[in-house]
Amino acid sequence: ELTTHQKKEREQEKSQGLIPFKDLASAIAKNYREIDDETRAFVSEVAERLTRHLEESEAIEARDREEVSKKLGMPTEEEDEKSRRGAAELVRRGKMKRKNLPRGSIEKR
């Protein structure tokens, strides 16, 4: 019987025949080391294009988020961060109590 401070040990889950992550990573790394130059160039080009696409998508998303914030009259991320830093400074100076701030508005240091 368990007391309140003891935890029940978690049962091991069955992998259902799947390859463990460590073995999968090793197999991928081994295969990548053994590919020919043409395949390596192709894979590198695909990786560059995906990276570029991700960066462009993130930029578009940030721009759209900022436009929506302006339309709704919400502060931008920069304004919100500036406000958080100002609140943190007021707490440090003792002019504002931490409990009056929204949760997560000041990071613990």
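Which glycine takes a positive phi just after H3? In this predicted model, glycine 94 does so, with a phi of about 85°. The legends below take the chain as a whole, then its helices and its largest pocket.

**View 1. The chain follows an α-α-α pattern along its sequence.** The predicted model contains 3 helices and 0 strands. Of the 109 residues in the chain, 7% are buried.

**View 2. Aspartate 36 caps the N-terminal end of helix H2.** A side-chain oxygen of aspartate 36 lies 3.2 Å from the backbone nitrogen of glutamate 38. Helix H2 covers residues 37–72. H2 has 36 residues and spans 52 Å from its first C-alpha to its last, close to the 52 Å expected at 1.5 Å a residue.

**View 3. Glycine 73 follows H2 with a positive phi.** The phi of glycine 73, just after the helix, is about 75°. A glycine with a positive phi also comes just after H3, where glycine 94 has a value of about 85°.

**View 4. Helix H3 has buried residues on one face and exposed residues on the other side.** Helix H3 covers residues 77–93. With 17 residues, H3 reaches 24 Å from its first C-alpha to its last, close to the 24 Å expected at 1.5 Å a residue. Ala87, Ala88 and Val91 are the buried residues of H3. Seen down the helix axis, these buried residues fall within an arc of 100°, so they line one face of H3. On the other side of H3, the exposed residues are Glu78, Lys82, Arg85, Arg92 and Arg93.

**View 5. The largest pocket is lined by residues that include parts of H2 and H3.** This pocket has a volume of about 150 Å³. Its lining consists of Ala62, Arg65, Glu66, Ser69, Pro75, Thr76, Glu77 and Glu78. H2 and H3 each supply at least two residues of the lining, and H2 gives the most, with 4 residues. By residue class, the lining divides into 2 nonpolar, 2 polar and 4 charged. Glu78, one of the lining residues, is also among the exposed residues of H3.

Note on methods:
Residues are numbered from 1 along each chain as its sequence is written. This is a predicted model: local features need pLDDT of at least 70, side-chain atom pairs count only at pLDDT 80 or more; totals for chains, interfaces and linings use all residues. Side-chain values use heavy atoms; hydrogens and water are left out. On a 1 Å grid over the protein atoms alone, a cavity is a set of points where a 1.4 Å probe fits but cannot get out, and a pocket is an open set with protein on both sides within 12 Å along at least five of seven lines; lining residues have an atom within 4 Å of a point. Grid points are joined across faces, edges and corners, and a volume is the space filled by probe spheres set on the points. Ala, Val, Leu, Ile, Met, Phe, Trp, Tyr, Cys and Pro count as nonpolar, Asp, Glu, Lys and Arg as charged, and the others, Gly among them, as polar. The expected span of a helix is 1.5 Å times one less than its number of residues. Buried means under 20% relative accessible area, exposed over 50%, partly exposed in between (1.4 Å probe, protein chains only). The arc is that of the directions from the helix axis to the C-beta atoms. A polar contact is a pair of N or O atoms within 3.5 Å; within protein, one must be able to donate a hydrogen and the other to accept it, and residues adjacent in sequence count only if both atoms are side-chain atoms.
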